[in-house]
Amino acid sequence: MTAEPAAAFHAAMRERALEAGVRSGVRTRVLLLAGRRVRLSFAGSALESRLMPALSHLASLDPDGAGGTDLDVLVFDSASTRVQAPPPPWAPEQMGPRGVIDGFNTPRFRTVYQPGADVLLLYDRESAQGVYWAPDAQRVPFWETSFPFRTLLQWWAEGCGLQLAHAAAVGLDGGGVLITGPGGSGKTTAALACLGSRLRYAGDDFILLETGPPRVHCLYNTAKLTRETEAWFPHQAAMAVNRHRPEEEKAVLMLAQSMPHALIGDFPLQYLLVARVTGKRETRIVRCGGGEALRALAPTTLFQLPLSGKAAMDGLAELLRRVPAFRLEAGTDLAGIPRAILGLLEGEEPA
């Protein structure tokens with residue numbers, strides 16, 4: 001398939017986004033991310049109020065991007081702006097796994113419809129311009145508001161020596177750790193257990209990595225608790241922004257609002273920890289191989305970021321060649337988790 005259908009659809013979506021901005025007014029927010037400027041141009045306030053809280057800690061003092069930008073994204077929904085997206089020019093059978101539209105992804109253009117979130121994402125790699133569209137801002141699900149724009153940001157990051165990773169991260173100004181593992185492995189619990197300690201928080205779901213020299217950047221200031229972990233962290237659970245939520249919905253914290261002192265913007269990455277719940281009281285940090293760490297980090301990251309393939313895998317593999325990996329055997333004494341991590345950062349020998 002030639003690039004023309006993708007180019008034509010991207011141009012049509014940009015026209016609709018610009019029309020929505022004319023009708024509803026444009027609200028511009030510029031983020032500072034790993035030394036780069038990302039400009040989000042919201043048509044009206046509906047999506048801004050839903051998507052910006054998770055990113056508020058990144059807000060630039062240059063709100064209009066007058067100093068130049070590295071990525072520009074037009075953001076609109078149809079319900080609040082009364083501007084409809086153009087009809088999709090693809091057949092239903094062209095919708096592939098994870099919403100990748102067959103025939104509308106080329107070396108230049110990326111086109112993905114996020115099932116579940118009901119969000120359409122477009123990115124032009126040549127111009128570093130994107131479009132984010134939802135039919136109705138009020139129907140964007142809670143989990144999308146906790147890590148908005150992640151797929152768009154990954155597409156952009158690939159050309160900047162950056163990589164999103166599905167992991168937690170805590171550290172100090174002098175260095176810190178990335179905590180990874182599949183769902184239920186304890187990485188979120190480990191990160192939340194560090195709140196209130198000397199360690200500061202850089203994320204529990206998606207973070208941004210520089211792969212050389214390795215550095216962690218806080219991308220979202222959110223934390224999420226399941227019904228089970230709410231009982232372990234009652235103080236944090238009381239700060240949830242969605243206290244009146246359905247039973248199946250996780251509690252979402254916006255730490256820039258509730259615990260801004262707990263956040264850290266970035267730090268050198270010293271170690272990667274593969275989380276594992278043991279059921280024992282004490283927390284231990286033990287040696288493990290880079291292969292185990294890559295198997296814990298790469299599949300969960302790549303699965304959740306459509307069209308992040310070989311480049312992302314190579315970036316994560318390179319990271320693990322530079323950063324020692326250990327297993328974090330998390331205990332039931334939650335205070336022992338930050339103690340063990342601080343001990344590692346301060347030079348204690350792992351088991």
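A residue counts as buried under 20% relative accessible area, as exposed over 50%, and as partly exposed in between. In this predicted model, Glu19 is partly exposed, because its relative accessible area is 33%. A search of the whole structure finds 26 salt bridges, and the points below take up several of these, followed by strand pairing, the nonpolar cores and the cysteines.

**Salt bridges**

- Glu19 joins Arg23 in a salt bridge, with 3.4 Å from N to O, and the two residues, 4 apart in helix H1 (residues 4-24), are separated by about one helical turn.
- Whereas Glu19 is partly exposed at 33%, its partner Arg23 counts as exposed, with a relative accessibility of 53%.
- In the salt bridge between Arg27 and Glu48, the closest N and O atoms are 2.3 Å apart; because Arg27 belongs to strand S1 (residues 26-33) and Glu48 to helix H2 (residues 46-51), this pair ties together parts that are 21 residues apart in sequence.
- Arg27 counts as partly exposed at 41% relative accessibility, while Glu48, at 9%, counts as buried.
- Asp266 and Arg215 also form a salt bridge, at 2.7 Å from N to O; since Asp266 lies in strand S15 (residues 266-277) and Arg215 in strand S12 (residues 214-217), the contact ties together parts 51 residues apart in sequence.
- Both ends of that bridge are partly exposed, Asp266 with a relative accessible area of 29% and Arg215 with one of 27%.
- Beyond these pairs, a network of salt bridges links Arg276, Arg284, Glu292, Arg327 and Glu329.

**Strand pairing around S12**

- Strand S11 (residues 206-211) runs antiparallel to S12, the two being joined by 4 bridges, and a hairpin of 2 residues connects S11 to S12.
- S12 also runs antiparallel to S15, to which 3 bridges join it, and the salt bridge between Arg215 in S12 and Asp266 in S15 links this pair of strands through side chains as well.
- Val216 in S12 stands opposite Leu209, and Val216 likewise stands opposite Phe267 in S15.

**Nonpolar cores**

- The largest nonpolar core holds 44 residues, and those with the most contacts inside it are Leu40, Tyr132, Phe149, Leu153 and Trp156.
- Helix H5 (residues 150-157) gives the most to this core, contributing 5 residues.
- A second core, separate from the largest, consists of 36 residues, among them Val170, Ala223, Leu263 and Leu345.

**Cysteines**

- The count of disulfides comes to 0, and two cysteines illustrate the result with respect to the 2.5 Å cut-off for a pair of sulfur atoms.
- For Cys160, the closest cysteine sulfur is that of Cys218, which at 18 Å is too far for a bond; Cys160 counts as partly exposed, with 21% relative accessibility.
- Cys288 is likewise in no disulfide, the nearest cysteine sulfur being that of Cys194, 18 Å away, and Cys288 counts as buried at 14% relative accessibility.

Technical notes
Residues numbered from 1 in each chain as written. Predicted model: local features only at pLDDT ≥ 70, side-chain atom pairs only at ≥ 80, totals over all residues. Heavy atoms only, no water. Salt bridge = Lys/Arg side-chain N within 4 Å of Asp/Glu carboxyl O. Buried < 20%, exposed > 50% of the residue type's maximum accessible area, 1.4 Å probe, protein only. Pairing = 2+ DSSP bridges. Core = buried A, V, L, I, M, F, W, Y, C linked by side-chain atoms within 4.5 Å.
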